[in-house]
Amino acid sequence: MTKLLETVDLVTNFYTYEGVVKALNKVSLVVDHGATFGLVGESGCGKSVTARSIMRIVPEPGRIEDGKVIVYLDEKNQHAGIDLLAQSEAYMESLRGDRISMIFQEPNAALNPTMSIGDQVAESFLFHQKKKLCATALNDLESVTCRTFYPLKRFQQAVYRIAVQRPDALTLNILGRIPILKHWQNRLKNEAKRRAVAIIAKLGLSNPERIVDQYPHNLSGGMKQRIVIAIALACSPVLLIADEATSNLDVTIQAQILELLRGLKQEGISSILLITHDLGVVAETCDRVGVMYAGNLCEVADVKDLFQKPLHPYTRALLDAVPKFSMEDDLKSIDGHVPNLVMPPSGCRFHPRCSHAMAVCREAYPEMTEFGQNHLAACYWAASKYR
Amino acid sequence: MAHQHPRLRELRFTLHRIFRNPSAAIGFILILFFLAVAVLAPYIAPPKYAHNPYLMPHKGFSPTPKPPSQTQIFGTTSGQYDIFYGVVWGTRTAFKIGLFVVSIAALVGIALGAVSGYYGGIVDEVLMRITDIMWAIPTLVLAMTIAVAFGRGLDKIMIALALVGWRWYVRVIRSEILTLREQDFVQAAKIMGVSDLKIILRHILPNAIYPAVIMASMDMGSMVITASFMSFVGLGAPKGYADWGQMVALARNYIVGPPDDPLKFWYTIVIPGGCIVLFVLGWNLIGDALRDAFDPKLRRR
Amino acid sequence: MANELKMEKILELKNLKKHYLIQGGVLRREIGAVRALDGIDLDIYRGECLGVVGESGCGKTTAGKAIVRLFKPTDGHIFYYPADTESKPTADLARVRKSRIKKLGLRSRLQMVFQDPTTSLDPRMLVKNIVAEPIKTLQRMSSRDLEARVLSLLERVGLTRDHLLRYPHEFSGGQRQRIAVARAIATDPEFIVLDEPTSALDVSVQSQILNLLKSLQRTLQLTYMFVTHHLLVVKYISNRVAVMYLGKIVELADTGVIFSRPSHPYTHALLSAIPIPGVAHQQQRIVLSGDVPSPADPPAGCRFHTRCPFAVDRCLKQEPLLETMETGHRVACHRKHEMEKLVAETFGTKRIGRS
């Protein structure tokens with residue numbers, strides 16, 4: 001397996017009236033090329049903040065304080081890592097939605113209600129892949145089958161030749177504003193729309209030609225989430241971050257979306273970082289799982305290992321707390337509640353709720369240690385018992 | 001901190017939010033200053049006419065203003081009215097206009113808006129159409145009509161402004177309540193059998209009142225401006241009444257001085273005019289700060 | 001489990017309907033209706049916990065809200081049989097005027113817990129006043145007695161005296177839901193509608209609340225109607241389950257029966273759609289195509305036929321009735337008797353719920 005994304009000791013704080021919320025406390029995780037990494041935890045454990053820190057879209061008043069987010073975009077060359085936190089905002093803008101995209105819980109908030117579906121999907125192509133689109137358009141123009149009025153054809157060919165080299169050239173900007181002449185862009189837009197139809201069809205929506213002309217309110221929740229995924233996948237990203245992407249959907253629709261994600265995985269479309277609170281979703285879709293609690297990553301393991309022999313007491317308690325099919329006795333619960341991260345507990349942040357807490361847990365934070373094949377956990381108790 | 005009464009803690013939090021914005025502090029200082037002047041007016045500028053302290057004292061009838069001097073520190077305006085006295089007592093007039101108009105308008109508006117929004121249906125339909133009719137009347141035209149019909153006077157202007165001022169509040173409160181009415185905590189109160197009046201007073205209004213408070217603060221300023229305008233065009237306060245608008249009106253002919261010294265009579269305009277500007281600015285800054293502090297989206301985290 | 005209960009009805013819903021009119025045009029004429037509830041027959045027995053499951057828009061919440069009379073149903077009856085029939089007569093909740101409900105003292109007998117405790121608690125009220133409010137509307141009480149009562153309620157749901165003088169936003173989601181539960185049991189109700197009480201909560205807190213609700217049911221002899229979309233939660237807490245689809249009940253049975261011998265294709269699909277938190281069994285999943293049709297324009301015949309993998313001509317034309325298959329197991333499907341075989345043929349037998 002080759003690394004795609006690696007966070008090293010990521011620290012993010014939120015400066016609020018109540019004090020400094022220490023939302024992330026040295027989170028280090030690795031997502032491999034072609035893997036589905038699940039990040040689970042309860043609300044407020046920092047799983048969303050992790051994703052936002054990776055994308056550098058932490059909302060006010062949050063700040064990424066320390067750490068590294070390294071991406072290895074090239075699967076072959078593992079030395080060419082790029083630290084996203086050291087990059088310019090402009091670089092991030094070109095990266096987001098192109099190489100790394102993110103989908104959120106609420107499809108309604110992600111779609112613009114006044115733009116047609118087709119335009120919204122096409123926008124992604126026009127923004128990130130103008131060069132490619134121009135090249136296709138130029139190819140079309142130069143092919144024998146293209147029958148456009150000759151002078152117009154010459155003009156468009158000239159324009160597209162410039163566009164292929166420098167899609168943001170000043171001349172093109174000016175040309176795009178002159179009435180009549182600006183129609184050279186139509187070819188570009190049509191091409192983008194054609195691609196939009198193709199990707200919508202690929203996501204299992206019937207009748208994509210009709211859908212591109214519709215508006216978000218014409219679609220149901222499940223369809224909207226598919227469109228959001230289509231936009232995210234438009235530029236074939238290497239990493240798709242799905243932040244609770246199915247939590248608001250009905251079970252039968254959620255099943256459809258999960259099926260879709262799994263199908264996309266089989267086509268080898270990209271790695272997925274799946275953020276969810278639902279252990280069931282994790283068990284069904286992920287290869288590798290990270291469990292977070294109160295801003296700490298407490299256990300990382302392959303999905304089978306995590307469900308069959310969980311090490312961290314929090315993971316165990318979480319698995320016990322989920323209602324299951326075969327269950328006769330009472331449901332176990334974790335006493336107490338998630339700590340306030342303005343004043344997190346000393347040492348291991350889980351120790352006040354942990355049934356195996358030892359004296360050392362109160363004093364020092366346990367380091368991530370390896371237990372067997374690719375199975376990491378940060379716990380003194382597990383270390384004393386299983387090592 | 002933890003042992004404070006929770007309401008006190010909430011208040012502290014709100015104050016923290018308000019004063020995080022430096023312009024809010026300026027706004028509050030301005031308004032506090034005006035308030036102090038208004039309260040202490042009899043001591044700052046002892047009235048000459050005991051029967052009506054709002055009448056500005058004047059020495060002589062010369063139309064030419066006199067510059068600031070030892071006895072009249074802000075000088076005199078046309079008609080030899082003392083500008084200092086007029087500005088000090090004009091502060092009282094401004095508060096009188098603002099508070100009267102805004103409190104009447106807000107009370108009527110909030111009551112009608114709450115009833116209209118909460119009950120909906122035919123009640124809503126009737127009340128909102130009446131409000132629509134009120135919307136069709138231009139403020140100035142109504143004020144002028146009233147002034148013409150009942151004679152000139154500041155009280156008439158205030159009544160006219162109050163008559164049209166409430167329509168804003170109806171709209172704002174109604175829209176707030178339309179969203180609140182469907183909230184679960186209102187539904188829960190209904191299930192418990194809490195009466196409609198109690199639901200409105202205890203659950204809905206405390207949550208819906210903030211936009212109205214913000215608007216009232218902004219309105220304090222704009223109502224004073226409108227009243228000043230009325231006085232300026234000669235429909236408001238009678239001649240010699242301590243009112244900023246009236247004082248600007250008196251100086252109408254002296255806005256520009258003689259050709260060789262165009263700024264000769266600056267004090268006649270700048271001092272009362274400046275008071276109006278600062279008064280309105282103060283309220284607007286407060287309104288802005290309140291808006292930031294009460295914005296439910298920003299309030300927590 | 002069902003045998004332990006005395007089969008005494010507490011509520012009886014008869015052909016309950018709630019249609020929301022869609023008005024259009026200048027004159028606001030009626031141009032259609034959203035059939036949120038379209039004729040429901042359901043008996044709820046004293047002391048049981050009836051789970052009502054279905055996807056959003058199937059009318060499960062509407063049914064709950066109709067029982068506590070948040071609105072007046074369009075048609076049908078809700079008969080309520082109080083515990084002491086002598087002092088309080090049987091009432092038809094669907095027909096009584098709103099003002100009468102309060103006079104009959106029904107408000108205190110039927111309560112509701114909402115889905116999201118952040119919105120169901122007034123953000124500007126202290127916890128003390130939130131819990132005291134239902135008691136105050138019912139009877140006059142000295143403030144000391146009131147505080148003692150509020151405190152005992154809070155302790156019952158696992159909160160302490162420290163929590164009295166706090167605002168809801170100072171609590172975590174689970175604690176807020178405890179406050180909401182304390183408020184619901186404040187007037188000693190017999191029947192509580194639980195509208196997705198745990199779906200806004202985290203897993204670890206969800207189990208706390210479920211266990212709390214279970215123990216309260218035992219100690220206070222409550223009857224629950226547990227509305228949820230989460231079948232595993234229902235399995236944990238309910239005695240009987242009603243599955244709803246587009247305003248109708250499609251299957252009604254004891255919990256064990258629903259999970260071991262489901263007979264409606266929709267129940268099968270729902271069961272197989274649940275993501276299982278475990279990696280032991282790899283199941284063949286029935287993924288339904290498409291979305292729930294709009295309740296403003298439900299399909300003719302069987303409402304499920306548009307998504308049903310086993311639909312035949314008859315399903316398109318004739319609407320199946322909710323018929324008894326065996327004692328206490330009622331299904332609305334034309335092919336209910338062959339369903340087990342059909343599902344096994346198409347999707348294989350190695351599926352969840354039949355280990």
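These are my notes from looking through a predicted model.

**Confidence, chain A.** I started with how far to trust chain A. Its mean pLDDT comes out at 85, with 98% of its residues at 70 or more. I then looked for the extremes within chain A. The low end is helix 7 of chain A (residues 170-175), with a mean of 76, and the high end is strand 9 of chain A (residues 288-293), at 93.

**Chain A against chain C.** Next I pulled up the contact between these two chains. Chain A puts in 41 residues and chain C 34 residues. Which helices of chain A each supply at least two residues of the side that touches chain C? I found helix 11 (251-266), helix 12 (279-285), helix 13 (303-308) and helix 14 (313-321). Helix 11 of chain A gives the most, with eight residues. By class, the chain A side has 20 nonpolar, twelve polar and nine charged residues.

**Helix pair in chain B.** Here I checked helix 4 (residues 83-119) and helix 7 (residues 154-181), both of chain B. They pack at about 35°, and their axes are 6 Å apart. I also noted the hand of the crossing of helix 4 and helix 7 of chain B, which is right-handed. Their contact has 22 nonpolar residues, along with five polar and three charged.

**Domains of chain C.** Last, I went to the domain assignment, which splits out domain 1 (39-238) and domain 2 (263-347) of chain C. Taken over C-alpha atoms, the centres of domain 1 and domain 2 of chain C are 31 Å apart. How many residues does each domain of chain C give to the contact? I got six from domain 1 and six from domain 2. On the domain 1 side, I listed three nonpolar, one polar and two charged residues.

Methods:
Residues are numbered from 1 along each chain as its sequence is written. Chains are lettered from A and ligands numbered from 1 in the order in which they are written. This is a predicted model: local features need pLDDT of at least 70, side-chain atom pairs count only at pLDDT 80 or more; totals for chains, interfaces and linings use all residues. Axes are lines fitted to C-alpha atoms, for helices over the stretch in contact, and angles run from 0 to 180 degrees between N-to-C directions. Helices (H or I, at least four residues) and strands (E, at least two) are DSSP runs, numbered from the N terminus. A crossing is left-handed if the near helix is turned anticlockwise from the far one by less than a right angle, and right-handed if clockwise. Ala, Val, Leu, Ile, Met, Phe, Trp, Tyr, Cys and Pro count as nonpolar, Asp, Glu, Lys and Arg as charged, and the others, Gly among them, as polar. Two residues are in contact if their C-beta atoms, placed from the backbone, lie within 7 Å. pLDDT is the predictor's confidence in each residue, from 0 to 100. Domain bounds come from an automatic or database domain assignment.
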